[in-house]
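Reader: I have a structure open and I'm not sure how to read its strands. Could you go through a few of them with me?

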Amino acid sequence: MGLVTSAVASAGGLVTGFMNFFTNIFLTAPLKATLKHLEETELKTLSGQVRTLKARSLWERSGAVIMAEAAELSSLKPLLDELGVPLYAVVKEDIGTEVQNFRPYFKGEVFLDEKRRFYGPRERRMGLLAFIRLGVWMNGLRAFRKGFMGNVMGEGFVLGGVFVIGRGEQGILLEHREIEFGDKVNIQDVIRAVRRISQEPLSLEN
């Protein structure tokens, strides 16, 4: 029985590896963002009185962890609060009740990036290839079990990511781009990057 289980697992791994290799050929490669690209982004608040602000105001004094389409980092909120580094989410659209449905799973402020600059400089889309990647199905199942549901409207195929941005001109200390929907950043990498904010000089160039 053990040999059969092992053989099935190996075969499944080979199929998954082949499908990922095949779909990766058609995915647009990410282009690293620059501080200059991100800091002039105009963001809109989505709670209380709506106002517009420049993205750099989120990190210029304390640094920040910014998620574009992700909810997995909320568990870090207590540690981030202890280190004095805020956690924000940036979404590309506000359709229906999607943002309201997202709020129970995220413990930071949510902003709207209408020009999708946090999804660039080269915007990437998963497209219909997502449906033949096992990882996408597994990530979707995990999110469903946690009760988080997106919607089927709007730009649902655009890939997001996570940024850790330092104070002032420290620059982008970590940039994680989704390979597929639900692709999670390494939590330890985020923690290490956040700790650098207080350890490195403000004049650090990225």
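Author: We will look at one strand and its partners, and then turn to a single residue elsewhere; please keep in mind that this is a predicted model.

Reader: Okay, how many residues of strand S6 are buried?

Author: Strand S6 covers residues 161-165, and five of the five are buried, so the strand is largely enclosed by the rest of the structure.

Reader: And which residues are on each side of S6?

Author: On one side you find Gly-161, Phe-163 and Ile-165, while Val-162 and Val-164 are on the other, and since all of these are buried, both faces of the strand are covered.

Reader: In what sense do S3 and S6 pair?

Author: Strand S3, residues 64-68, pairs with S6 in the antiparallel sense over five bridges, and within that pairing Met-67 has Val-162 as its bridge partner.

Reader: What about S6 and S7, how many bridges are there?

Author: S6 and strand S7, which spans residues 172-177, are joined by five bridges, again in the antiparallel sense, and here the bridge partner of Val-162 is His-176.

Reader: Which residue takes a positive phi in the hairpin of S6 and S7?

Author: That is Gly-168, with a phi near 50 degrees, in a hairpin that has six residues between the strands.

Reader: Changing topic, is Val-90 buried or exposed?

Author: Val-90, which belongs to strand S4 at residues 87-91, has a relative accessible area of 0%, and because buried means under 20%, Val-90 counts as buried.

Reader: And what separates the C-alpha atoms of Val-90 and Asp-113?

Author: Those C-alpha atoms are separated by 6.3 Å, although Val-90 and Asp-113 are 23 residues apart along the chain.

How values were computed
Residues numbered from 1 in each chain as written. Predicted model: local features only at pLDDT ≥ 70, side-chain atom pairs only at ≥ 80, totals over all residues. Heavy atoms only, no water. Helix = DSSP H or I, 4+ residues; strand = E, 2+ residues; numbered from the N terminus. Buried < 20%, exposed > 50% of the residue type's maximum accessible area, 1.4 Å probe, protein only. Pairing = 2+ DSSP bridges.
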